Amino acid sequence: MTVTPTPLDVGAGTVLTLQGISKRFGAVQALKNIELDVRAGEVLALVGDNGAGKSTLVKTIAGVYTADDGSMVFDGRPVRVGSPAEAQQLGIATVFQDLALCDNLDVVANLYLGRELRKNGALDEVEMERSSWELLRQLSAKIPSVRIPVASLSGGQRQTVAIARSLLGRPKVVMLDEPTAALGVAQTAEVLNLVERLRERGLAVILISHNMADVMAVADRVAVLRLGRNNGVFVVSETRTQDIIAAITGATDNAVSERAARRSREEGPAS
Amino acid sequence: MSLQGSGTRPQDFTGATAAPEENGAAQLPADLQDERLIAGHGISGAVGAFTARLRSGDLGSVPVVVGLVIIWAVFQVANSSFLSSRNLVNLTLQTTSVGVIALGIVLVLLLGEIDLSVGSVSGVAAAVVGVTFVNQGWPIVASLVAAIALGVLIGLFYGLLYTRFGVPSFVITLAGLLGFLGLQLLVLGKDGTINLPYDSALVGFATRSFLSPAMAYALVALVVVAYALSRWQGRTARAAAGLSAAPTSVIAIKAAGLAIVLLIPVTVLNGDRGVSSMFLLFLALVVVTDLAVRRTRWGRSVFAVGGNVEAARRAGINVRMIYLTVFAACTTFAAVGGILAAARLVAVGQASGGTDVNLNAIASAVIGGTSLFGGRGSAYSALLGALVITSISNGLALLSLDSNVRYIVTAGVLLIAVTIDSLSRRSRQAHGRA
C-alpha cells in the first residue's frame with residue numbers, strides 16, 4: 001500500500017474514486033476502464049447481469065484482486081490496495097455473501113473475532129459485550145441476545161452481525177455483496193433499514209444487488225456494469241426501473257443509459 | 001439524504017465513554033432489553049436457563065457425569081471395595097497419565113482434527129527419559145526437558161505437514177503412530193525394558209508424593225475463595241457496564257456447590273494416602289488449559305478455526321499458527337503423559353504407550369463431551385472422560401475380569417458417548433444452537 005500525502009482535488013464528499021480500472025483473467029477482459037465514485041453518506045448500488053464484472057470489481061476494491069490498470073483515489077489520496085488487510089486498514093470494509101461467521105461462537109465473539117479486546121492478557125468479555133450492545137443499538141439491530149450462538153440467528157440477523165462486524169474497524173466505505181439474497185420479506189426490510197442507517201452515519205455504501213426493488217428502495221445512485229464496462233450511472237429519484245433494466249440487459253442499444261449518464265453528470269449529485 | 005464533507009469522521013461506533021442510551025427500557029440491563037428474550041431472574045432463572053439449555057441438546061458435561069455415577073454405582077454394588085479410599089486413591093493415580101494425554105486430544109478435537117499417534121509419542125518420550133536418565137546418567141531435569149522438547153518438535157512437524165502440504169491430520173498421525181513406535185524401539189535398543197530407580201525424584205513424585213490432609217483442605221478453601229472472588233469481580237464489572245449480573249445468591253450457591261464437589265473427594269482420599277501430587281498436577285493442567293481455551297485470544301481463535309476456518313482466516317487470525325500450536329500442545333501433553341505413566345509404573349518398556357493408550361486417550365476426550373466435529377468442547381472433558389475410562393478398567397480389574405471384557409465395555413461406553421454427541425448435535429441444530 002503506497003499512500004502519497006498530496007491530496008488530489010476530487011468532488012466534495014467523494015470518498016472513493018476509481019479511474020480506468022481494468023482487469024483481465026487470461027483471455028477474458030473482466031473489467032475495462034471502469035470509472036466509479038462514491039460519496040460519503042450515499043448508497044451506490046452496483047448492478048449488472050451475471051458476468052458483468054460486479055464481483056470482480058468488488059474484489060478489486062477489497063484487495064482480493066489487484067487491478068491490471070487504472071488507479072484508485074481514497075479519501076483524496078491515490079492508493080494501491082495489495083491485500084484485503086490493506087483495504088481494511090484504509091477503511092474499506094466488505095461483507096461478502098457468505099458472511100464468514102463462526103456458527104459455534106456467540107454474537108460477541110463473532111463481532112470481535114480477530115480483534116478481541118483484552119484486559120491483563122485475558123479476554124475482556126464485559127467490555128466486548130457492552131460495546132456490542134452499544135453498536136447494535138446504534139444500528140437499531142434486532143438481536144435478542146448477544147450471548148447466543150450465531151447459528152440460532154435468522155438470516156437477516158446474521159447479515160446484521162456481519163455488517164456490524166465490518167463497522168468495528170471504523171471504515172469509510174462499506175461494500176455489501178448481495179445482502180438481501182435469500183432473505184424473507186421482513187428480513188430484507190430489516191437489512192435495508194440497516195443500510196439506510198449506515199448512510200445516515202455518513203458512510204459510503206456500495207450495495208451489490210440483483211433485486212431492483214431493493215435497489216430502487218435504498219440506493220441514491222445506481223451504477224450499471226455490462227460486460228465489464230460502465231453502462232451508465234443513474235440517479236434513482238430521476239430514473240424509472242425499466243431504464244436501469246434496459247441498461248443492465250443492453251436492450252435499448254444503450255441510448256437511455258447514455259442519456260441518463262449524461263444528465264446525471266450535468267446535474268451533479270442528487271440531494 | 002444528506003451529504004457530508006469528506007473531512008468528517010462520521011461514525012462513532014465503539015466510543016468507549018458513551019453513556020447507555022436513554023430510552024424507556026433503560027432501567028433494564030443492556031442485554032435484557034429485548035422483549036423476545038426469555039430471561040429468568042435470580043435462582044429460579046438460573047435453574048430455568050440450565051434446563052432449557054439441556055433440552056435444546058446443549059448437554060455439556062451432564063451425560064458424562066451421569067454415566068460416571070452409574071458406572072461407580074454398578075461397580076460398588078459388584079464389589080464393595082470399589083469406592084473405598086484406598087481404591088479411589090489408586091484410581092486418581094491411574095487416571096493421571098491417560099487424562100494428561102486426553103487433554104491434548106481435546107485441543108486437536110476442538111480444531112476438528114485428530115491425533116492418532118499420542119500413544120507412540122508418549123512411549124517415545126518415556127523411552128528418552130529412560131535411556132538418558134538411567135543408561136546415560138543425565139540429570140533428571142535434562143532428561144525431562146529432552147523428552148518434552150521432543151514432544152513439542154513432533155507436534156510442530158505435524159503442524160508443518162498439515163499447514164504447508166495439506167496432508168490430512170488423520171494420515172499424518174497414523175504415520176506418526178507407526179514411526180514413533182519404531183523410534184521408541186530403536187531408542188530402547190536390545191534390552192527392551194529399562195527400570196527407573198525407585199528412589200529417584202520422578203518415581204517418588206508419581207508414586208509416593210501426596211498432599212497432607214491439612215494442605216489439601218487449605219487448597220480447597222483457596223480454590224473456592226478464588227472462584228467466588230472472580231465471580232464476584234465479574235459480577236461487579238458487568239453491573240458497572242450496565243449488563244445483567246448474576247445475583248449474589250447464585251454466586252454463593254455455586255461457590256458452595258464447588259466446595260462440596262471438592263470437599264467430598266478430598267475427604268475420601270484423605271482416608272487413605274491423600275491427594276496425589278501427580279493427580280494435582282493433572283488438575284492444574286486441566287484448569288490452565290481451560291483458562292487458555294476460554295479466556296485468551298488464542299483459545300478464541302482455536303474455537304473459531306474449529307467452527308469455520310475460512311471465517312477465522314478472513315477475520316485476520318493466523319490460522320497456520322493456531323494449527324501449529326495446537327498440534328504441538330497435543331504431542332507435548334502426550335509426552336508428559338508418557339513420562340508420568342513410566343514414572344508410576346517405575347519402568348519403560350517396549351509396551352509403554354502401546355496397545356490401548358491411544359484409544360483410551362481419544363475415547364476419554366470424546367466420552368468427556370468434546371465433539372468430534374470441532375469447535376465444541378472443554379478441557380474438563382479430559383478429566384471426566386479419563387475418570388470414566390479408568391473407572392471401567394479399575395472396576396473390572398477388581399472383579400478379576402480380563403482385558404477382553406474391559407475392551408468390550410470400553411467400546412460400548414465410547415459408542416454411547418459418540419452417539420450422544422451426534423444426537424445432541426442434531427438437536428442443537430434443530431434448536432438453533434449448533
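In this predicted model, Met72(A) has Val79(A), in strand 5 of chain A, as its bridge partner. Strand 5 of chain A pairs with strand 4, residues 69–74 of chain A, in the antiparallel sense, and three bridges join the two.

Let me place this pair in its sheet. The sheet in chain A is open and has four strands in the order 2-1-4-5, with antiparallel pairing. Its edges are strand 2 (28–39) and strand 5 (77–79) of chain A, each of which pairs on one side only. From one strand to the next, the twist averages 25 degrees. Helix 1 of chain A, residues 54–62, packs on this sheet and touches strand 1 (14–25) and strand 2 of chain A. The direction of helix 1 makes about 65 degrees with that of strand 2 of chain A.

I turn now to chain B, and to a pair of helices. Helix 14 (residues 357–367) of chain B packs with helix 16 (residues 403–430) of chain B at an angle of about 40 degrees, and their axes are 9 Å apart. Helix 14 and helix 16 of chain B are therefore oblique to each other. The crossing of helix 14 of chain B past helix 16 of chain B is left-handed.

Which residues meet where these helices of chain B come into contact? Helix 14 of chain B contributes Ala363(B), Val366(B) and Ile367(B). Across from them, helix 16 of chain B presents Thr410(B), Val413(B), Leu414(B), Ala417(B), Val418(B) and Asp421(B). Sorted by class, the contact between helix 14 and helix 16 of chain B comprises seven nonpolar residues, one polar residue and one charged residue.

Key: Residues numbered from 1 in each chain as written. Chains lettered and ligands numbered in written order. Predicted model: local features only at pLDDT ≥ 70, side-chain atom pairs only at ≥ 80, totals over all residues. Axes fitted to C-alpha atoms, helices over the stretch in contact; angles between N-to-C directions. Parallel < 35°, antiparallel > 145°, perpendicular 65-115°, else oblique. Left-handed = near helix turned anticlockwise from the far one by under 90°. Contact = placed C-beta atoms within 7 Å. Nonpolar A, V, L, I, M, F, W, Y, C, P; charged D, E, K, R; others polar. Pairing = 2+ DSSP bridges.
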